Amino acid sequence: MNRSAASRTAVVSRDSSSGSVADFAAAPALPSGEAVANLEAGLRGEVVRPDDAGYDDARSVWNGMIDRRPALVVRCADVADVRSAVAFAREHGLPIAVRGGGHNVSGNAVCDGGVVVDLSALDGVDVDADRRRVRAEGGVTIGALDRATQAYGLAVPQGIVSETGVAGLTLGGGLGWLRRRHGLSCDNLVAVELVTADGQQVRADEQHHPELFWAVRGGGGNFGVVTAFEFRAHPVGPDVFVALVFHPWDGAASALRHWREWQADAPDEVSSLAVLWHAPAIEQIPQAYHHQPVLTFAAVHTGAVADGERELDAVRGNGAPIADLSAVMPYTEAQQVFDEDYPAGLRYYWKSRFLTELTDEAVDVLMELTESSPSPHSTLDLWQLGGEMARVSTEHTAFGDRSAPLLLGVEANWEDTADDDACLAWARRAHRAAEPFSTGAEYLNFPGFLEEGEAVVRQSFGTNYPRLVAVKNQYDPANVFRLNQNVTPDAPR
Ligand SMILES: Cc1cc2nc3c(=O)[nH]c(=O)nc-3n(C[C@H](O)[C@H](O)[C@H](O)COP(=O)(O)OP(=O)(O)OC[C@H]3O[C@@H](n4cnc5c(N)ncnc54)[C@H](O)[C@@H]3O)c2cc1C
């Protein structure tokens with residue numbers, strides 16, 4: 001849905017994500033030129049320095065709010081490069097940022113004055129169709145993974161915007177259109193290959209480093225640099241049925257209540273979203289509704305197309321929609337339905353809440369927040385959960401409690417720096433307003449910077465947190481990998 005809100009080219013602008021606007025006029029101090037030259041001489045990849053022509057490009061991430069100036073970007077070409085980059089940063093006492101797809105709203109894929117371990121060039125995907133196993137390197141995007149697996153009629157559960165990185169998404173959980181049928185992305189991991197803080201290259205699976213393997217399934221980038229993921233894949237497509245229905249605002253509350261009842265009993269083949277936002281200016285939506293508040297239902301049925309058409313009739317027949325863009329489409333296309341709504345370079349600040357229920361009062365709160373949003377690009381997203389992802393016990397992976405029936409994503413998305421304060425305040429207000437309906441946990445892949453600090457990480461991992469600390473103590477006691485939703489080791493040294 002093209003809202004043509006901003007250029008698709010990443011731009012670098014002032015970084016207000018840390019809550020204050022720092023002065024970045026001075027270039028960060030570098031280790032000696034000789035040390036950097038020695039590092040580079042040993043790489044298959046390359047080093048990008050602050051005075052290189054490609055520096056601004058190399059330090060740009062998807063969120064236009066982020067403007068950080070690393071000392072070096074190491075564009076790794078293989079595992080040996082990753083080991084060298086980690087060793088170099090440690091030797092020189094520099095912070096390390098790990099970049100997979102560069103899409104995390106927090107901008108943790110880049111840091112001031114440190115070393116960016118950039119995995120973008122590690123983009124290989126190997127599909128073993130007979131065993132339904134897929135090996136994806138650490139810099140692969142969802143779109144690349146989908147293309148490779150769909151060539152064999154397979155899919156790995158991933159997120160719903162194709163330019164997002166597989167790495168960050170999977171390490172933090174991974175919610176997509178297959179979540180209720182085949183679980184989270186991390187539930188489909190069979191193994192990871194990882195470079196640890198002390199430079200070891202290990203394979204973690206159920207038999208080898210089992211605690212590490214437990215921790216990377218939801219525990220984020222805390223434990224090392226994952227150079228490759230091995231996933232289970234599932235037969236999907238090639239075509240699937242996608243429901244995409246837009247409701248006028250005056251019918252939104254009743255349509256949302258209807259969706260609430262329907263989704264509670266929907267089959268596992270269906271994963272759906274209800275989005276409260278402002279209508280994009282696309283030709284399929286009557287012009288009178290452009291940029292007006294609307295409610296959108298998006299649902300994908302990944303079973304047989306005829307079953308999908310039948311099951312999703314209930315969503316399509318609900319109320320009096322202003323547009324129904326539902327269609328049969330290739331799975332790879334379904335995976336890109338929202339791509340154009342998330343251009344690189346726009347300004348983004350997100351939060352989330354797992355909800356215990358969607359009460360009538362919560363519906364009213366979400367409607368008021370939508371009406372008062374300072375940006376037409378912002379959204380409140382209700383993710384239907386349950387199904388296979390909820391059948392995995394809390395203890396089985398690091399991800400945490402899965403009993404919440406819904407997840408609320410609060411997305412402040414806007415264009416102008418002049419709107420920063422209003423948009424940040426709106427997201428924070430929405431986050432606070434949803435608190436009474438929430439479990440207290442957040443989906444840690446969504447937030448921008450966490451003002452609440454460690455407390456929210458601790459609360460979101462819940463009873464799994466002490467076990468995560470134990471794994472952190474073992475594999476990263478010095479907290480080398482701390483630019484993430486950080487699990488703090490007991491005694492950092
Ligand atoms: C447009 C958009 C759509 C999204 N849609 C979804 C969705 O549908 N479902 C969902 O669950 N989430 C979704 N997300 C959230 C997404 O899961 C996180 O932003 C995720 O961190 C992105 O991963 P990345 O590799 O692109 O990020 P990066 O910014 O590159 O990395 C994020 C963090 O992950 C860690 N990391 C990255 N790569 C590695 C690695 N190879 N080894 C170790 N650590 C690593 C690092 O700590 C890094 O700071 C979306 C985000 C965006 C921006």
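**Ligand site and strand pairing in the predicted model**

A backbone N or O atom of G168 is placed 3.0 Å from an oxygen atom of the ligand. This distance, like the others reported here, comes from a predicted model. Two further polar contacts involve G101 and Y443. In the case of G101, a polar backbone atom is 2.8 Å from an oxygen atom of the ligand. In the case of Y443, the contact is made by the side chain, of which an N or O atom is 2.6 Å from a ligand oxygen atom. On its own the ligand has 950 Å² of accessible area, and the protein covers 97% of this area.

The shell around the ligand consists of 35 residues, of which G100, G101, G102, L175 and Y443 come nearest. Thus G101 and Y443 belong to this nearest group, and each also has an N or O atom facing a ligand oxygen atom at the distances stated above. By residue class, the shell contains 18 nonpolar residues, 16 polar residues and 1 charged residue.

Several elements of secondary structure contribute to the shell. At least two residues each are supplied by strand β3 (96-99), helix α5 (166-171) and strand β10 (225-232). The largest contribution is that of α5, with 4 residues. At the level of domains, the ligand lies between domain 1 (33-118) and domain 2 (239-437), because both give residues to the shell.

Strand β2 (residues 72-75) pairs with strand β1 (residues 46-48) in the antiparallel sense, over 3 bridges. In this pairing, E46 has R75 of β2 as its bridge partner. Strand β2 also pairs with strand β4 (residues 115-118), here in the parallel sense and over 4 bridges. Within that pair, V73 stands opposite V116 of β4.

An unreviewed UniProt entry annotates residues 66-236 as "domain: FAD-binding PCMH-type". In the model, 23% of this span is helix and 26% is strand, and its end C-alpha atoms lie 37 Å apart.

Two features of the backbone geometry were also noted. Most residues other than glycine have a negative phi, and most peptide bonds are trans. Against this background, the peptide bond that joins G237 and P238 is cis, with omega at about 10°. P238 is located in the loop between strands β11 (234-235) and β12 (239-248). The second feature concerns R132, a residue other than glycine with a positive phi, near 55°. R132 is also a loop residue, placed between β5 (125-128) and β6 (133-137).

Terms used
Residues are numbered from 1 along each chain as its sequence is written. This is a predicted model: local features need pLDDT of at least 70, side-chain atom pairs count only at pLDDT 80 or more; totals for chains, interfaces and linings use all residues. Side-chain values use heavy atoms; hydrogens and water are left out. A residue is near a molecule or strand if one of its heavy atoms lies within 4 Å of it. A polar contact is a pair of N or O atoms within 3.5 Å; within protein, one must be able to donate a hydrogen and the other to accept it, and residues adjacent in sequence count only if both atoms are side-chain atoms. Accessible areas come from the Shrake-Rupley method with a 1.4 Å probe; for residues, only the protein chains shown count as cover. Ala, Val, Leu, Ile, Met, Phe, Trp, Tyr, Cys and Pro count as nonpolar, Asp, Glu, Lys and Arg as charged, and the others, Gly among them, as polar. Domain bounds come from an automatic or database domain assignment. Two strands pair if DSSP finds at least two bridges between them. UniProt positions are given in the numbering used here, feature names are shortened, and annotations may be inferred rather than shown by experiment.
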